[in-house]
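Thanks for coming, everyone. I'll put the sequence and the structure up, and then we can walk through it together.

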Amino acid sequence: SASSSDIRRNSSFLSLQANEKSSSSSGVAREDRNTGIIKRKTWKEYTVAMGGIYVGFLLFILYCVTQASSLVWIGLVYGLTLVLIFFAFIRTRLTFFFCLKASQHLHDAAAEAVLRAKIEFFDTNPLGRILNRFSADVGIADDQLPLTLVDFLVGFFLAIGSVATAIVSLPMTLLALPPLLWYFVRLRKIFVTTTRELKRLEGLARSPIYAMIGEALSGVATMRANDAIGFFQKKFEDVHDAHGRAFFAFVASSRWFAIRMDFIAFVFMSVTSLLAVLFQDQGWLSISP
């Protein structure tokens, strides 16, 4: 195969020489062929043919500006992302700061009220109830309330933004909102009424636990002397079970409400998707993907 390619190459070279000799013998000038890189003079002449040096310079500036604009847009996107992260951090930071400040003020007010209370207050209120106010309730205000408030506000505005975007993109989704809103208001009324009372019951059921812990620490010698450890243990288990039932009922009601919220979101997304496909397929409304 190598010998055949060499033969073809030699034959083509011989034919080229023969053509050149025939051209020179017939008086036709041989065509020149430039070698090496393209000279600057060629580019200059091409630019002049386009309309002059200014046209070439204008095109160069336009390409530079276009590339710079793309870089500016990319920088703007990254800048807006950083601004969003910064404001989200400031928002969360301020929310936690003011929630903890409110908790501190409530704690100081409660402590001042207890320190200035009369002896009758301590005679009519068990020690566990007072400890419950300054331990569990203050802990909820310090730990759970700020996080719950942040989650609620973020979820609320995300939901409002999602619904608004769907309505702007496809106004016919407004048909699905009235029944879903009615169902949501009904669920909210049931959930708020139930969980409010369950949370109060859970707080009340927590007070006997602290009270019995204090009684056990102060009266352990008396319980051992009267062989009442088993009775006290059974009583403490009953109190703890009562608190567990109230807490579990609160958690179960929260899960009950969350499942129905997911159902509402699923129905709204399904209706929006079906309407978008139907309108796009029938050509009733132009929807950009």
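**Aromatic pairs, helix packing and a few single residues**

Let's start with Phe 263, which is partly exposed, at a relative accessible area of 46%. Before I go on, please keep in mind that this is a predicted model.

So which ring does Phe 263 pair with? The partner is Tyr 183, and the pair is edge-to-face, with 6.5 Å centre to centre and 80° between the planes. Tyr 183 sits in helix 6 while Phe 263 sits in helix 8, residues 229-282, so this pair ties together parts that are 80 residues apart in sequence. Tyr 183 is also partly exposed, with a relative accessible area of 22%. The cut-off for buried is under 20%, so Tyr 183 falls in the partly exposed class.

Staying with aromatics: searching the whole structure turns up seven aromatic pairs. One of them is Phe 97 with Phe 98, again edge-to-face, at 5.3 Å between centres and 75° between planes. Phe 97 is partly exposed as well, at 49% relative accessible area. And over in another stretch, Phe 152, Phe 156 and Phe 157 make up one aromatic cluster.

Okay, stepping back to the overall fold. How many helices and how many strands do we have? Eight helices and zero strands, so to speak α-α-α-α-α-α-α-α when you read along the sequence. Of the 289 residues, 16% count as buried. If you take contacts between residues at least 6 apart in sequence, 75% of them join residues at least 24 apart.

Now the packing of helix 5 on helix 6. Helix 5 covers residues 127-169 and helix 6 covers residues 177-218; their axes are 11 Å apart, and the packing angle is about 165°. Parallel or antiparallel, then? Anything over 145 degrees counts as roughly antiparallel, and therefore that is what helix 5 and helix 6 are to each other. The crossing of helix 5 past helix 6 is right-handed.

Who makes that contact? On the helix 5 side the residues include Gly 128, Leu 131, Ser 135, Ile 140, Val 163 and Ile 167, and on the helix 6 side they include Leu 177, Lys 199, Gly 203, Tyr 210 and Ala 211. By type, the contact residues split into eight nonpolar, five polar and five charged.

While we're on helix 6, have a look at Thr 195, which belongs to that helix. Buried or exposed? Buried, with a relative accessible area of 9%. Setting aside its neighbours within four places in sequence, Thr 195 is in contact with Phe 250 and Ser 253.

Compare that with Asp 143 on helix 5. Asp 143 counts as exposed, at 56% relative accessibility. Its C-alpha is 9.5 Å from the C-alpha of Phe 96, and those two residues are 47 apart along the chain.

Last stop: helix 2, residues 40-50. Of its 11 residues the number buried is one, so helix 2 lies largely in the open. Right after helix 2 comes Gly 51, with a positive phi of about 140°.

That's my tour. To leave you with one picture, go back to the Tyr 183 and Phe 263 pair, because it ties together helix 6 and helix 8 across 80 residues of sequence. Happy to rotate the model if anybody wants another look.

Technical notes: Residues are numbered from 1 along each chain as its sequence is written. This is a predicted model: local features need pLDDT of at least 70, side-chain atom pairs count only at pLDDT 80 or more; totals for chains, interfaces and linings use all residues. Side-chain values use heavy atoms; hydrogens and water are left out. Axes are lines fitted to C-alpha atoms, for helices over the stretch in contact, and angles run from 0 to 180 degrees between N-to-C directions. Helices (H or I, at least four residues) and strands (E, at least two) are DSSP runs, numbered from the N terminus. Angles under 35 degrees count as roughly parallel, over 145 as roughly antiparallel, 65 to 115 as roughly perpendicular and the rest as oblique. A crossing is left-handed if the near helix is turned anticlockwise from the far one by less than a right angle, and right-handed if clockwise. Contact means heavy atoms within 4.5 Å. Ala, Val, Leu, Ile, Met, Phe, Trp, Tyr, Cys and Pro count as nonpolar, Asp, Glu, Lys and Arg as charged, and the others, Gly among them, as polar. Buried means under 20% relative accessible area, exposed over 50%, partly exposed in between (1.4 Å probe, protein chains only). Rings of Phe, Tyr and Trp (its six-membered ring) pair if their centres lie within 6.5 Å; planes under 30 degrees apart count as stacked, over 60 as edge-to-face and the rest as tilted.
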